[in-house]
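Student: Hi, I've got a structure open and I'd like to talk it through with you. Could we start with the aromatic rings?

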Amino acid sequence: MSEKKNSLIILKSTLGRLPSYYCEVENRLARGEEYVSSTTIADSLGLNPVQVRKDLAGISSEPGRPKLGFRVDRLFEDLKSFLGYNFYDEAVLVGVGALGHVLMQYGGFNSYGLGIVAGFDREPHDKKVAGKPVLPIDQLPSFLKMTQIVIGIIAVPAPEAQNVADLLVKSGIKAIWNFAPTSLNLPDNILVKNENLAASLAALTTELRRRKS
């Protein structure tokens, strides 16, 4: 089996858990901890220790030490590299309403290698948000052509999302982070990650009611 195929298998099986490991290890690094075991990470995150051990073995550049675990600084760098957080990508955001404002103001994206450089809206009410320009939507194609940005974030109401996505793709966007509560019909070569806040809330409240019953 090729190295490339191995990497794809690791990616599919662990990618959903790796960001949680990253945050956990980052916090331990900030506290000055030198070593951490997969069991300790599993206990902190409420996960299966065997699964965590397998995940970390697949991405760590050096094995854990008996009775000590992984070097925190080395594991942090391995996770950061695997997740691509040591690279920096720029993105544009479409839909500068309440949610769009929050996303543009959130500085934490920089720690994960993403920077929102501009917002676009049908009727901009602000010229800037967090020091970033907010421009009319009709300027989006020329802006993307000039900057060569390939990541777009959608934060518009559901009925507008497909038209916005089509415009982004037509303007050269290759990856879309979709916060609109709707599915998008896009070409197969466009990467899409959907963040359905309503679905997440429904799952949370359903589980809460189940535990109360």
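Tutor: Yes, and please keep in mind throughout that this is a predicted model. To begin with the rings, Tyr-22, Phe-76, Tyr-85 and Tyr-112 are joined into a cluster by ring pairs.

Student: How many aromatic pairs does the count come to?

Tutor: The count comes to eight aromatic pairs. One of them is formed by Phe-120 and Phe-143, whose ring centres lie 5.4 Å apart.

Student: Is that pair stacked or edge-to-face, and why?

Tutor: The planes of the two rings stand at 70° to each other, and planes over 60 degrees apart count as edge-to-face, so the pair of Phe-120 and Phe-143 is edge-to-face. It also links distant parts of the chain, since Phe-120 belongs to strand E4 and Phe-143 to helix H7, with their positions 23 residues apart.

Student: Buried or exposed, those two, Phe-120 and Phe-143?

Tutor: Both Phe-120 and Phe-143 are buried.

Student: What about Ser-142, where is that found?

Tutor: Ser-142 is found in helix H7, which covers residues 140-147, and with a relative accessibility of 47% it counts as partly exposed. Its side chain reaches the backbone oxygen of Gln-139 at a distance of 3.0 Å.

Student: OK, new topic, the sheet. What order do the strands have?

Tutor: The sheet is open and has seven strands, in the order E5-E6-E4-E3-E7-E8-E9, and the pairing is mixed. At the edges are strand E5 (128-129) and strand E9 (191-194), each of which pairs on one side only.

Student: And which helix packs on the sheet?

Tutor: Helix H8, residues 158-170, packs on the sheet and touches strands E3, E7 and E8, and its direction makes about 170° with that of E7.

Student: In what sense do E4 and E6 pair?

Tutor: Strand E4 (residues 114-121) and strand E6 (residues 132-136) pair in the parallel sense, over three bridges. Asp-121, for example, has Pro-136 in E6 as its bridge partner. As background, strands of a sheet pair through backbone hydrogen bonds, and they do so either parallel or antiparallel.

Student: Now charges. How many salt bridges does the search find?

Tutor: A search of the whole structure finds nine salt bridges. In general, side chains of opposite charge can pair when their charged atoms come close.

Student: Which residues does Arg-71 meet that way?

Tutor: Arg-71 forms a salt bridge with Glu-62, where the closest N and O atoms are 3.5 Å apart, and its side chain also meets that of Asp-73 in a salt bridge at 3.3 Å. Arg-71 is partly exposed at 28% relative accessibility, and Glu-62 is partly exposed at 25%, as is Asp-73 at 36%.

Student: And Asp-78, is it buried or exposed?

Tutor: Asp-78 counts as buried because its relative accessibility is 9%, and buried means under 20%. Its side chain meets that of Arg-74 in a salt bridge at 3.4 Å, and both residues lie in helix H5, four residues apart, which is about one turn of the helix. Arg-74, at 29% relative accessibility, counts as partly exposed.

Student: Last one: what does Glu-24 touch?

Tutor: Leaving aside residues up to four places away in sequence, Glu-24 touches Ile-41, Ser-44 and Leu-45. Glu-24 is found in helix H2 and is buried, with a relative accessible area of 12%. Its side chain makes a polar contact with that of Arg-28 at 2.8 Å, and a network of salt bridges links Glu-24, Arg-28, Arg-31 and Glu-33.

How values were computed:
Residues numbered from 1 in each chain as written. Predicted model: local features only at pLDDT ≥ 70, side-chain atom pairs only at ≥ 80, totals over all residues. Heavy atoms only, no water. Pairing = 2+ DSSP bridges. Helix = DSSP H or I, 4+ residues; strand = E, 2+ residues; numbered from the N terminus. Contact = heavy atoms within 4.5 Å. Axes fitted to C-alpha atoms, helices over the stretch in contact; angles between N-to-C directions. Buried < 20%, exposed > 50% of the residue type's maximum accessible area, 1.4 Å probe, protein only. Polar contact = N/O pair within 3.5 Å; in protein donor to acceptor, adjacent residues only side chain to side chain. Phe/Tyr/Trp six-rings, centres within 6.5 Å; stacked < 30°, edge-to-face > 60°. Salt bridge = Lys/Arg side-chain N within 4 Å of Asp/Glu carboxyl O.
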